[in-house]
Amino acid sequence: MNALLRRLTRRCETHDKPSQPRIRELEQQLDIEPSATPDSFVEAHSNPALIDCGHRWCQQRR
């Protein structure tokens, strides 16, 4: 059911979640003090923009 709702609203579970690299970039653009990085190496350095989720609608949205 969740997959159907995501498809209808064209939401992507891969690209619609916040990532540390994107948060860091926004903090620099807004001149905000950097937030603490997550303890997990994967969470701290993963960038969803580099991942191809395979959803046709998501590729068109980006």
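The sulfur of Cys53 has its closest cysteine sulfur in Cys12, 3.6 Å away, which is too far for a bond. Seen from the other side, Cys12 finds its closest cysteine sulfur in Cys53, also at 3.6 Å. A disulfide is a covalent bond between the sulfur atoms of two cysteines. The cut-off for counting one is 2.5 Å between the sulfur atoms, so the 3.6 Å between Cys12 and Cys53 is too far. The structure therefore holds zero disulfides. Cys12 is also buried, with a relative accessible area of 0%.

Keep in mind that this is a predicted model. The protein has an average pLDDT of 80, and 92% of the residues score at least 70. Among its elements, helix α2 (residues 20-29) has the highest mean pLDDT, 89, while helix α4 (residues 56-61) has the lowest, 66.

Let's visit helix α2, where Gln20 is found. Is Gln20 buried or exposed? Gln20 is buried, at 8% relative accessible area. Which residues does Gln20 contact, leaving aside neighbours within four places in sequence? They are Ser35, Ala36, Thr37, Pro38, Glu43 and Ala44.

Now for the surface. Met1, Leu4, Leu5 and Leu8 form a nonpolar patch there, and together they have about 480 Å² of accessible area. Leu4 belongs to helix α1 (residues 2-9) and counts as partly exposed because its relative accessibility is 48%.

Here are three residues from this tour side by side:

| Residue | Relative accessible area | Status |
|---|---|---|
| Cys12 | 0% | buried |
| Gln20 | 8% | buried |
| Leu4 | 48% | partly exposed |

Key
Residues numbered from 1 in each chain as written. Predicted model: local features only at pLDDT ≥ 70, side-chain atom pairs only at ≥ 80, totals over all residues. Heavy atoms only, no water. Patch = residues over 30% accessible without salt bridge, like charges linked within 9 Å, V, L, I, M, F, W, Y side chains within 5 Å. Areas by Shrake-Rupley, 256 points an atom, 1.4 Å probe, with all protein chains shown as cover. Salt bridge = Lys/Arg side-chain N within 4 Å of Asp/Glu carboxyl O. Helix = DSSP H or I, 4+ residues; strand = E, 2+ residues; numbered from the N terminus. Buried < 20%, exposed > 50% of the residue type's maximum accessible area, 1.4 Å probe, protein only. pLDDT = per-residue confidence, 0-100. Contact = heavy atoms within 4.5 Å.
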